[in-house]
Structure formats: structure tokens, C-alpha cells
Amino acid sequence: MKALQYRTIGAAPEVVSVPDPEPGPGQVLLKVTAAGVCHSDIAVMSWPAEGFPYELPLTLGHEGVGTVAALGAGVTGLSEGEAVAVYGPWGCGACVKCAEGKENYCLRADELGIRPPGLGAPGSMAEYMLVDDPRHLVPLNGLDPVAAVPLTDAGLTPYHAIKRALPRLVPGSTAVVIGTGGLGHVAIQLLRALTPARVVALDVSEDKLALARKVGAHEAVLSDAKAAAAVRELTGGIGAEAVFDFVGAEPTVAVAGAVAAVEGDISIVGIGGAALPVGFGRLPFEVSVNAPYWGSRSELVEVLALARSGMVSVHTETFSLDEAPLAYERLHEGSINGRAVILPNG
């Protein structure tokens, strides 16, 4: 079968031929119908050889949907041809966090060498992929694969971050979304669907700000040296009760700290590598700063239900598997508006 692999440190990913996988006991083989392209993959491919955490070659893709092609011995509750989404943050299934459905916070994954697909384990950018356990599959129940696949990360990750901040997002409150690309434009829709808060979107790209307005942002502000002052003015000097930074770079975390209200929440979701100092006098009183990761299995079910009801959708651009390297090039240069989706069997 064909697969998109990162094969050499510092090189571009390549479309190659690899053996067809076969499911072992307890595993499920999927025929992949759609795979999402994420900035996290670019971050992985930017890491130096020293300390690189994964074995190469690595089949990319941690957002995946497909149809069940074959079942390993002992697998029940699924049937061949069933359309499913892959829950990506695989855990041990037995620790206290996994027992809560929070495999994204599994306490033993590192110890046991458990890796998510595309982030250590073979991913979804291939004609077929193996899923380690049927509990990591969620029925699509009629959702279009292209519309559904970004929700497994670009929907689930902001949903998880927003859900924990809901108590602060009461009538009259403000939520700021920094970075309105793949995850950010979904976050805007989730905030509009789940809260009465005014949503202020920040980005350096006018095209992405236009998308932010289209999907429901009340205000769209150019993320420059004047952005923090502009948000403060929009909020009457109070600031935002919740700030979601989907970039995580030095300039954006600085803005996040500058626009947060007293007792506000700041979620640094993006993996730009920056940190926000916390201490007396550094931020407004009682501001909480957190760095969430992905979401729980039950939250993925909830996100797909929101999509099914029409309350959230992802702006997508599709590519064939042979065009996947081009998709990553365009994502790196910032010319993907929304989410790129690969169709391995399309």
C-alpha cells in the first residue's frame, strides 16, 4: 500500500510503498477514508536528530477516519464496513486517568512505550492503518469523513480546553482566540455554540481573520503590537475571562497574558514552545494558566454529536495521498485556510 512517511531527519515526507498491515489479536484494520494534516506534524519534522523521540520511518497522520476492513482475533462490537473515527491519544486503558476515559492523560503511556498514531505509531496517512484496540474507535453515524476527520484533533483539542473554562464564560464575558487557523476557527464555533460570551479573534493573517468572522467571531483583531490594547478597549479595560492561544509562540503568549482579566483562564494550546511566567505581579490576580492536551474519549463523542447537529464544521481543503507533501508545504507557508485533509483512497 501507499503511505506518507517521515523517513530522514530534516527531510520532507515521502509517499512510499509499504507492506499491507494485518490485524493481530485485539486489533482493527481500517481502510482510511480521510486523514488530517496538522501543525504538530511539522513540529515533529522540525526536531533535531539529538533527542528525536520516535523511530523512523514514521507514517504520519494522527487524525484519521475510515471503514473497518478486518478484525483481529477476539474483537467484538464492530462489523466490517462500519465507518469510524480514530481516537488518537492512546493510553494503557487501565490507569486511573484511562479509567475516566482520559487516555490523553494516561499515567503509564511513556513507561509502556504507547504512542499515538502518527506520533510514534503508524498513522492514518496510508491506504490502511492498524488501530490497537476497538475502544479507540467512535462510530461516525452518518458524518462525512472529510468533515469528521479534523474533529478528532482540531475539534477535540479546543473542545477540551473550552469545556474546562465554561464556568467563567457567563453572559457579559469575553473569550479571546489567538490563532484562527485549523484549531482556532473551530474554537470560535464551539464558543458560539456552548457559551454566551463575546468572541474576539486574533491573527496575523487577514484571510484567517475573514474566516474567523465567517464562522462567528464577534470581533476580529489583527495580532500586532496594538492587539492587547485593542482587546482591553473592547472589554472596557477589564480583559477577557478566557484566553485560548492556539499558537503558543513568544508574541502570542505575551498577548494572552496582557489581555487576561482578573481571575481569568489562559489555555496555551499551541506548541510554539513559549512559556508564560506566573507569579505575584506577573499577571492579573488569580489568573490560571494551563497547557491542555487533546481530550477524552467521551469528549470526542460529544464533538462529533455537535457536528452532527450542524453546530460546528471545519473549513477543509482536500488533497490526494500523492499530493500530501504539497499539503505540508502549504501548511508550513501558512496558505492553508482551515484544515488540509488527505484522501488516501480517494
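Trainee: Which residues are linked in a network of salt bridges?
Mentor: The model is predicted, and the statements here concern that model. One pair in it is formed by Glu103 and Arg297, whose closest N and O atoms are 2.4 Å apart. This pair links distant parts of the chain, 194 residues apart. The residues of the network are Glu103, Asp133, Arg135 and Arg297.

Trainee: Where in the chain is Arg297, the partner of Glu103?
Mentor: Glu103 belongs to the loop between helix 2 (96-99) and helix 3 (109-112). Its partner Arg297 is located in helix 10 (residues 297-308).

Trainee: Is Glu103 buried or exposed?
Mentor: The limit for buried is a relative accessible area under 20%. Glu103 has 2%, so the residue is buried.

Trainee: What does Arg297 count as, given its relative accessibility of 24%?
Mentor: A residue is buried under 20% and exposed over 50%, with partly exposed in between. Since Arg297 has 24%, the residue counts as partly exposed.

Trainee: How many salt bridges does the count come to?
Mentor: A pair is included if a side-chain nitrogen of Lys or Arg is within 4 Å of a carboxyl oxygen of Asp or Glu. By this rule the salt bridges come to 12.

Trainee: With which residue does Asp153 form a salt bridge?
Mentor: The cut-off is 4 Å. The closest N and O atoms of the pair are 3.9 Å apart, and the partner of Asp153 is Arg339.

Trainee: Which elements of the chain hold Asp153 and Arg339?
Mentor: The two residues are 186 residues apart, so that the pair links distant parts of the chain. Asp153 is in the loop between helix 4 (145-148) and helix 5 (156-165), whereas Arg339 is in strand 16 (residues 339-343).

Trainee: What is the relative accessible area of Arg339?
Mentor: Its partner Asp153 is buried, at 6%. Arg339 is buried as well, and its relative accessible area is 4%.

Trainee: At what N to O distance do the side chains of Lys2 and Asp322 meet in a salt bridge?
Mentor: Lys2 is partly exposed, with a relative accessible area of 34%. Asp322 is partly exposed too, with 47%. The distance between N and O in their salt bridge is 3.0 Å.

Trainee: Which residues does Tyr328 touch, not counting residues up to four places away in sequence?
Mentor: Tyr328 is part of helix 11 (residues 324-333). With 3% relative accessibility, this residue counts as buried. Its contacts are Leu4, Pro13, Val37, Cys38, Asp41, Ile42, Met45, Leu60 and Met125.

Trainee: What separates the C-alpha atoms of Tyr328 and Ile42?
Mentor: Ile42 is one of the residues that Tyr328 touches. Along the chain the two are 286 residues apart, yet their C-alpha atoms are separated by 7.5 Å.

Trainee: Which residue's backbone nitrogen lies 2.9 Å from a polar atom of the side chain of Thr235?
Mentor: Thr235 is in the loop between helix 8 (227-234) and strand 12 (240-245). Its relative accessible area is 10%, so Thr235 is buried. The backbone nitrogen in question belongs to Gly239.

Trainee: Which residues make the nonpolar surface patch of about 420 Å²?
Mentor: One of them is Phe280, placed in the loop between strand 13 (260-268) and strand 14 (288-290). Phe280 is exposed because its relative accessible area of 81% is over 50%. The patch is made by Val262, Phe280 and Phe285.

Trainee: Which residue does a cis peptide bond join to Leu56?
Mentor: Omega of this bond is about 0°. The partner lies in the loop between helix 1 (39-46) and strand 4 (58-59). The residue joined to Leu56 is Pro57.

Trainee: What is the phi of Trp294?
Mentor: Trp294 lies in the loop between strand 14 and helix 10, and at 4% relative accessibility Trp294 counts as buried. The residue is not a glycine, but its phi is positive, at about 50°.

Trainee: What radius of gyration does the protein have?
Mentor: The C-alpha atoms fill a box of roughly 60 × 40 × 40 Å along the principal axes. For 346 residues, a compact globule would have a radius near 20 Å. The protein agrees with this, having 20 Å.

How values were computed:
Residues are numbered from 1 along each chain as its sequence is written. This is a predicted model: local features need pLDDT of at least 70, side-chain atom pairs count only at pLDDT 80 or more; totals for chains, interfaces and linings use all residues. Side-chain values use heavy atoms; hydrogens and water are left out. Patches are made of residues with over 30% relative accessible area and no salt bridge: like charges are joined within 9 Å, nonpolar side chains (Val, Leu, Ile, Met, Phe, Trp, Tyr) within 5 Å. Accessible areas come from the Shrake-Rupley method with a 1.4 Å probe; for residues, only the protein chains shown count as cover. Helices (H or I, at least four residues) and strands (E, at least two) are DSSP runs, numbered from the N terminus. Buried means under 20% relative accessible area, exposed over 50%, partly exposed in between (1.4 Å probe, protein chains only). A polar contact is a pair of N or O atoms within 3.5 Å; within protein, one must be able to donate a hydrogen and the other to accept it, and residues adjacent in sequence count only if both atoms are side-chain atoms. The radius of gyration is taken over C-alpha atoms; the globule rule is 2.2 Å times the number of residues to the power 0.38. Contact means heavy atoms within 4.5 Å.
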